[in-house]
Amino acid sequence: TQLAKPDVQDQFAVPYKTGPQRREPGIDHDPGRVRVTAILAAIFPVQVDKVEQLTWLGWFGTRLDVHRLIAPALERVRGRIEAAIAKNPSLRPWLDRPGGAYVYRPIAGTDRLSAHSFGIAIDIDPKRCEYWRWDHNLQGNSQKPFLRPIPAALVEAFESEGFIWGGRWYHYDTMHFEYRPELLDPACQP
């Protein structure tokens with residue numbers, strides 16, 4: 001019910017914690033995966049036929065369409081990542097083929113709108129990442145480390161600018177970063 005018809009308290013029921021990457025053992029330990037669509041729609045209004053709220057952003061040799069309100073934060077993420085690449089060039093291939101940003105669509109397997117529908121999410125290279133729907137043995141693998149861990153420098157760059165990471169979810173989506181600064185604000189924690 002939390003995913004299907006959440007209220008504001010449900011959004012904050014599972015605190016989002018930054019720090020070292022770890023697989024969460026608790027079923028439905030998905031901080032930030034519960035979203036109140038009406039709140040997102042009020043803050044980040046985007047409709048499939050009215051995309052004037054979007055802007056494009058240069059992203060490591062490609063272009064991403066994102067909501068104009070998150071563009072400054074994503075530009076800061078890009079700057080942090082560029083600085084990290086200067087120190088460690090092996091990070092660059094993670095950014096060559098992003099999985100996308102704005103696309104008006106439901107979350108896979110549901111009728112709920114994806115965070116991508118609001119232009120507040122970005123997926124990095126899906127071929128380098130892991131996703132719970134692709135893992136046919138989710139229950140058995142929940143304690144194991146990711147086979148292809150995302151470099152910590154990338155996760156830190158996003159989290160430091162208000163994005164949450166889908167790799168912190170039991171229903172993991174390691175390519176997914178979503179602008180949700182309220183979940184990173186200690187004042188908003190239960």
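Start by selecting alanine 121 and glutamate 178: the bridge partner of alanine 121 in β5 is glutamate 178. What you have open is a predicted model, where local features need pLDDT of at least 70, side-chain atom pairs count only at pLDDT 80 or more, and totals for chains, interfaces and linings use all residues. Residues are numbered from 1 along each chain as its sequence is written, and side-chain values use heavy atoms, with hydrogens and water left out.

**Stop 1: the open sheet**

Now pick isoleucine 122, whose bridge partner in β5 is phenylalanine 177. Select the two strands around these residues: β3 and β5 (residues 176-179) run antiparallel and are joined by three bridges. Strands here, like helices, are DSSP runs numbered from the N terminus (E, at least two residues, for strands; H or I, at least four, for helices). Two strands count as paired if DSSP finds at least two bridges between them. In general, strands of a sheet pair through backbone hydrogen bonds, in either a parallel or an antiparallel way.

Add β4 to your selection. β4 and β5 also pair in the antiparallel sense, over three bridges, and phenylalanine 163 stands opposite tyrosine 179 in β5. Together you have three strands forming an open sheet in the order β3-β5-β4, with antiparallel pairing. Which strands stand at the edges? They are β3 (121-123) and β4 (163-165); each has a single partner strand, so one side of each is left without a neighbour in the sheet. Turn the view and look along the sheet: neighbouring strands are turned by 25° against each other on average, direction ignored. For such angles, axes are lines fitted to C-alpha atoms (for helices over the stretch in contact), and angles run from 0 to 180 degrees between N-to-C directions.

Stay on β5 and show its side chains. Both faces are covered: His176 and Glu178 on one side, and Phe177 and Tyr179 on the other, are all buried. Buried means under 20% relative accessible area, exposed means over 50%, and partly exposed is in between (1.4 Å probe, protein chains only).

**Stop 2: the hairpin**

Next, select residues 54-59 and 62-67. These are strands β1 and β2, which pair in the antiparallel sense over six bridges. Leucine 54 has histidine 67 as its bridge partner in β2, and tryptophan 56 has aspartate 65. Click on aspartate 65: buried or exposed, or something in between? With a relative accessible area of 29%, aspartate 65 is partly exposed. If you draw a distance from aspartate 65 to glutamine 53, twelve residues apart in sequence, you get 10.0 Å from C-alpha to C-alpha.

The hairpin has two residues between its strands. Zoom in on phenylalanine 60, which sits in the loop between β1 and β2. Phi of phenylalanine 60 is near 50°, a positive value in a residue other than glycine. Phenylalanine 60 counts as buried because its relative accessibility is 11%.

**Stop 3: helix α3**

Select residues 71-87 for helix α3, and find valine 77 in it. Valine 77 has 0% relative accessibility, so it counts as buried. Now add glutamate 161: it is 84 residues from valine 77 along the chain, yet their C-alpha atoms are separated by 6.4 Å.

**Stop 4: arginine 33**

Go back along the chain to arginine 33, in the loop between α1 (8-11) and α2 (37-43). Arginine 33 counts as buried, at 13% relative accessibility. What does its side chain contact? The side chain of arginine 33 makes a polar contact with the side chain of histidine 171, at 3.3 Å. A polar contact is a pair of N or O atoms within 3.5 Å; within protein, one must be able to donate a hydrogen and the other to accept it, and residues adjacent in sequence count only if both atoms are side-chain atoms.

**Last stop: the whole protein**

Zoom out and show everything as a cartoon. How many helices and strands does the protein have? There are six helices and five strands. From the N terminus on, the elements run α-α-β-β-α-β-α-α-β-β-α. Of the 190 residues in the protein, buried ones make up 47%.
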